[in-house]
Amino acid sequence: MTSYADFHRRSIEDRDAFWAEQARLIDWQTPPQTICDYSQPPFARWFVGGRTNLCHNAVDRHLKDRADQPALIWVSTETDQERVYSFRDLHAEVQRMAAALRELGVKKGDRVLIYMPMIAEAAFAMLACTRIGALHSVVFGGFASGSLASRIEDAEPVVVVSADAGSRGGKAIAYKPLLDEAIELSRHKPSSVLLVDRGLVPMNLVAGRDQLWATLRERHLNAQVPCEWVDSTHPSYTLYTSGTTGKPKGVQRDTGGYAVALAASMKHIFCGNPGETYFSTSDIGWVVGHSYIIYGPLIHGMATLMYEGLPTRPDGGIWWRLVEKYKVTVMFSAPTAIRVLKKQDPAHLTRHDLSSLRSLFLAGEPLDEPTAQWISGALKDKPIIDNYWQTETGWPILTICNGVERAPSKFGSPGKAVYGYDIKLLDDQTGQELTAPNQKGVIAIEGPLPPGCMQTVWRDDARFVSTYWSSVPNRMVYSTFDWGIRDEDGYFFILGRTDDVINVAGHRLGTREIEEAIASHPNVAEVAVVGVADQLKGQVAMAFAVLKDASILGDQAALLKLEGEVMKIVDGNLGAVARPARVRFVHVLPKTRSGKVLRRAVQAVCEGRDPGDLTTMEDPAALQQIRDMVTPA
């Protein structure tokens, strides 16, 4: 086994030879002629001259050796259904969907927008698009009509694939009326809408436009749709970044580079084996769902578990029950979900056989040390591996690559720079590289971005350059817009967004540092810190915390005492300069349906501003609770 330091160094210094080796992990119809064309920075073209197909690599190539092994395991605790599709079954269903899309006029290069709940047909639709060379654009099922309309307008899909409804907490959420309104609002009108009727809510069909999947599927039961071999640089999909203002940013991904990056990550990072089961608790509407529910595990020949439901329904042990039943070896979730499970009965973790599980990966937001320590202890010290990345990169930037060389995790750190990423820590004022340990700077990536990362912003190369490559003074580097430090061992620690940094009387403070300190109080389950404008200091920190024991929420004297204890912890850990102006205690933090805390919305409410687009918010009452607290009587 080579040392990881050597492995990473080779990926940067002998880039083309390194990635030529990784390219052998997938099937090519035509091998690549040029590994990386970086003749027009910052645009990187990977595996030029090669021809391949994502769906072939995810499905067809496994028919020879594992046709009857599980490929897609669909579980819905919302409708109490479970279905296991073998690679043979998946191959047949994807061809049926591909034939249906072709009947509706979809050709290579066309866009198909997918607005779906977490059902198997959503996976069929994604794979069918890449099978025929069409680009899918998956929109999270929680988006409201206005947000959906802007994405329809930008992607200009020929077909929209949707369903009558999703379900959350046992309650049906009608999708069709939202979709109809979005199409009405959009200047672009798709020619067809393909609908999966789950029987959850009635649907009014638009004559001439709306088609039922069941009808078309029946028509194409024996469909034979060969894979469309495409250039490596052919776009595979666009995915709109969440939380953007103005026109949505469509992250455009290629085909060959993405397939290679995912195949390599399954081997070097996630350490799964063909024939095993991978369980990502994300949603296909987000990048983790694309990379590590659909494509990554299937490319690697693993079964992928696709889950519709809450982590607490029917009880807080449901995920662990699935780990036991399907012998999950690799699990991928989010810190938010683990904090939710932390509040559940600890017996759920001991009553299920979790011996198959080798490691739990967490990403999506910073993993605080108390949560990391809790889940590590609860899982009997199985590796808890944080990883840090973005919609734009498509796969991890920072983590531990145990498939290359086993290394310990450090609580609070997502790990070291992943192979292929030439990470620099830069001074935000001068662009100068910071090389000494524990200096705070902007995490940036020297070009070219490795395979699998975004090619550009859909139909807007200028925006790609101005947004990502022009924000650090005097340097042509990709900015992650995240503050970080790197310790003497090369482990990175994320300190929050560059635009979430609190500047208190000239002192720059990362929200992450304050949140970590507050979260260490034994009665704090979860916390969000935002910077709020202050006439005297420029900004002050404001903290909102969820308690493990909420019984004291009505007792003002007890809350004041608790606030004092929390302030003392912050003083002790970070100094008085980091002390929040207030620590307020709430029932729940405002979050998106994917579990991200809406810190910017909290900040806006605290400053009396419009919080902006809240279509992905899980519970509007959570933000209203904060508004009531901070609004003067």
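## Exercises: a buried lysine, a cavity and a pocket

Lys-176 counts as buried, because its relative accessibility is 2%. Keep in mind that this is a predicted model.

**Exercise 1.** Work out where Lys-176 sits and which residues it is in contact with, leaving aside neighbours within four places in sequence.

*Solution.* Start with the label: buried means under 20% relative accessible area, and Lys-176 comes in at 2%. Next, find its element: Lys-176 belongs to helix α8, which covers residues 176-185. Now list the contacts. Lys-176 touches Ala-163 and Asp-164, then Leu-195, then the run Met-203, Asn-204, Leu-205 and Val-206, and finally Arg-209 and Asp-210.

**Exercise 2.** Describe the largest cavity and its lining.

*Solution.* First, the count: the model has 8 cavities of 30 Å³ or more. The largest cavity holds about 130 Å³ of space. Of its 13 lining residues, Arg-339, Asp-368, Glu-515, Val-527 and Arg-599 are closest to the centre. Two or more lining residues come from each of α17 (511-519) and β30 (524-534), and α17 gives the most, with 4. Sorted by class, the lining has 8 charged residues, 5 nonpolar and no polar ones.

**Exercise 3.** Do the same for the second largest pocket.

*Solution.* Its volume is about 490 Å³. It has 22 lining residues, and those closest to the centre are Tyr-4, Ala-5, His-8, Arg-9 and Ala-417. Then look at the elements: α1 (4-13), β22 (416-417) and β23 (422-426) each supply two or more residues, with the largest share, 6 residues, from α1. Last, the classes: 10 nonpolar, 8 charged and 4 polar residues line this pocket.

Note on methods
Residues are numbered from 1 along each chain as its sequence is written. This is a predicted model: local features need pLDDT of at least 70, side-chain atom pairs count only at pLDDT 80 or more; totals for chains, interfaces and linings use all residues. Side-chain values use heavy atoms; hydrogens and water are left out. Buried means under 20% relative accessible area, exposed over 50%, partly exposed in between (1.4 Å probe, protein chains only). Contact means heavy atoms within 4.5 Å. On a 1 Å grid over the protein atoms alone, a cavity is a set of points where a 1.4 Å probe fits but cannot get out, and a pocket is an open set with protein on both sides within 12 Å along at least five of seven lines; lining residues have an atom within 4 Å of a point. Grid points are joined across faces, edges and corners, and a volume is the space filled by probe spheres set on the points. Ala, Val, Leu, Ile, Met, Phe, Trp, Tyr, Cys and Pro count as nonpolar, Asp, Glu, Lys and Arg as charged, and the others, Gly among them, as polar.
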